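Please open the structure in your viewer and keep the sequence panel beside it, since each stop on this tour begins with something to select.

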Amino acid sequence: MISPVLPAYARAPLSFVKGEGPWLIEESGERYLDLGAGIAVNALGHAHPALVKAVEEQARRLWHTSNLYKVPNQEALAERLVEHTFADTVFFTNSGTEAAECAIKMARKYFHGSETPERHRIITFKGAFHGRSIAPISAVGGAKMVDGFGPLLPGFDQAPYGDLDAVRALVGSETAAIMVEPIQGEGGIVVAPEGFLKGLREICDAHGLLLVLDEVQCGVGRTGKLFAHEWSGVTPDIMMVAKGIGGGFPLGACLATEDAARGMTAGTHGSTYGGNPLACAVGCAVMDIVSDPAFLADVSRISGRLRQGLEGLVASHPDVFKGIRGEGLMLGLKCVKPNADVVRAGYDTRVLVVPAADNVVRLLPPLNLTDAEVDEALARLEAVAASFETEPAE
Ligand SMILES: *Cc1c(COP(=O)(O)O)cnc(C)c1O
């Protein structure tokens with residue numbers, strides 16, 4: 001008999017009832033060190049006092065009005081995002097998927113009524129992930145994501161990630177945009193090769209295309225900059241943000257330059273909940289913390305400590321791990337053992353990591369991890385690795 005909850009996830013038999021910083025606590029009282037942070041969502045850990053305060057105060061005052069009216073918290077969050085990024089304007093959503101939908105619609109609409117209205121195709125990348133609605137799964141393809149869900153949305157062309165020549169070959173008279181993650185998350189923590197984003201920006205500029213960056217997973221301080229593309233020195237025309245921006249409250253955003261947003265006039269797009277007072281109260285509280293240069297410097301410092309420890313872990317357990325990749329606190333351990341077994345060994349050791357494609361386990365911990373918590377994480381991961389080596393011989 002089907003479970004009351006649609007069985008679309010193969011869930012671990014763990015039920016958490018409370019969170020404190022990087023810790024998740026089961027009903028039994030067992031404490032787990034959460035290095036997944038709800039897949040890069042709980043950027044400030046669980047029950048951060050500033051976020052709890054923001055929710056509590058706003059919950060007492062006003063939960064929801066409508067985008068029929070001005071929403072002061074939404075304006076305040078948009079102003080913060082505009083101040084700290086390339087963007088001139090922001091559309092708020094409840095998720096990364098909806099931010100991707102907005103970005104795709106915006107890229108198409110940009111050329112509508114222009115001298116090149118035939119431009120609508122978007123170049124995307126193998127191994128990418130932009131969400132689970134029809135447009136993002138059509139954008140990416142892949143049997144697990146699309147089988148049985150057709151007909152898919154036309155208008156997407158995929159290139160291998162990192163391959164500028166393949167991108168150049170795909171650009172045609174109908175191409176409108178290039179959409180890319182600066183670091184692929186679900187794809188297995190794959191960092192854009194040196195010069196890749198710069199090359200994409202040059203291709204976009206040469207052909208009049210829009211560069212759309214998906215920073216849903218790598219953004220909001222995770223790499224030690226507010227947004228990952230800042231390391232590359234290029235700026236996009238459109239950017240998707242979600243996950244960390246709400247710190248656990250469902251919130252996403254599609255950021256754009258004034259020019260890229262030119263088609264999105266009143267009535268062209270909308271959302272009932274997007275940018276509602278509660279969500280934006282939390283978003284403002286998150287932004288106030290993560291946009292502080294001192295906070296971002298600390299993300300870099302703490303990630304250096306974690307990475308150094310992980311290098312040692314990988315070197316001393318070559319039968320379990322064969323490499324480490326990523327930037328800042330968006331790290332992937334390439335596994336020798338099946339990554340699902342490593343994740344499961346983590347449950348036994350009370351440390352939570354997240355699987356990704358390419359037999360990788362991801363570490364996406366809260367950004368405000370302390371030195372002591374990093375050391376605890378390393379000790380637990382060492383125990384995870386050791387558990388494979390003490391397995392009794394057959
Ligand atoms: C998680 C994710 C999405 C989708 O976000 P949802 O909030 O699950 O809809 C899109 N892009 C990237 C890069 C992601 O990691």
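Leaving aside its neighbours within four places in sequence, which residues is His-130 in contact with? Before selecting them, bear in mind that this is a predicted model.

**First stop: His-130**

Select His-130, which you will find in the loop between β5 (121–125) and α5 (134–140). Once neighbours within four places in sequence are left aside, His-130 is in contact with Gly-96, Thr-97, Ala-100, Pro-136, Val-140, Met-179, Glu-181, Asp-214 and Met-240. Is His-130 buried or exposed? Its relative accessible area is 3%, and because anything under 20% counts as buried, His-130 is buried. Now add Asp-214 to the selection and look at the two side chains, which make a polar contact with each other at 2.7 Å.

**Second stop: α3 and α9**

Next, select helix α3 (residues 72–84) together with helix α9 (residues 277–290), whose axes lie 8 Å apart and which pack at an angle of about 30 degrees. If you turn the view so that one helix lies in front of the other, the crossing you are looking at is left-handed. To show the contact itself, display Asn-73, Gln-74, Ala-76, Leu-77, Arg-80, Leu-81 and His-84 on α3, and then Pro-277, Cys-280, Ala-281, Gly-283, Cys-284, Met-287 and Asp-288 on α9. Colouring these residues by class will give you eight nonpolar, four polar and two charged.

**Third stop: α10 and α12**

Move on to helix α10 (residues 293–316) and helix α12 (residues 371–389), whose axes come within 10 Å and cross at roughly 20 degrees. Because of that angle, α10 is roughly parallel to α12, and α10 passes α12 in a right-handed crossing. On the α10 side, the residues to display are Arg-301, Ile-302, Arg-305, Leu-306, Gly-309, Leu-310, Leu-313 and Ser-316, while α12 contributes Asp-371, Val-374, Asp-375, Leu-378, Leu-381, Glu-382 and Ala-385. By class, this contact of α10 with α12 holds eight nonpolar, two polar and five charged residues.

**Last stop: Ala-356**

Finally, select Ala-356, which lies in strand β16 (residues 354–356) and counts as buried at 11% relative accessibility. Not counting residues up to four places away in sequence, Ala-356 touches Gly-185, Glu-186, Gly-188, Asn-339 and Arg-362. How far apart in space are Ala-356 and Lys-334? A C-alpha to C-alpha distance drawn in the viewer should read 9.6 Å, for two residues that are 22 residues apart in sequence.

Notes:
Residues numbered from 1 in each chain as written. Predicted model: local features only at pLDDT ≥ 70, side-chain atom pairs only at ≥ 80, totals over all residues. Heavy atoms only, no water. Axes fitted to C-alpha atoms, helices over the stretch in contact; angles between N-to-C directions. Helix = DSSP H or I, 4+ residues; strand = E, 2+ residues; numbered from the N terminus. Parallel < 35°, antiparallel > 145°, perpendicular 65-115°, else oblique. Left-handed = near helix turned anticlockwise from the far one by under 90°. Contact = heavy atoms within 4.5 Å. Nonpolar A, V, L, I, M, F, W, Y, C, P; charged D, E, K, R; others polar. Buried < 20%, exposed > 50% of the residue type's maximum accessible area, 1.4 Å probe, protein only. Polar contact = N/O pair within 3.5 Å; in protein donor to acceptor, adjacent residues only side chain to side chain.
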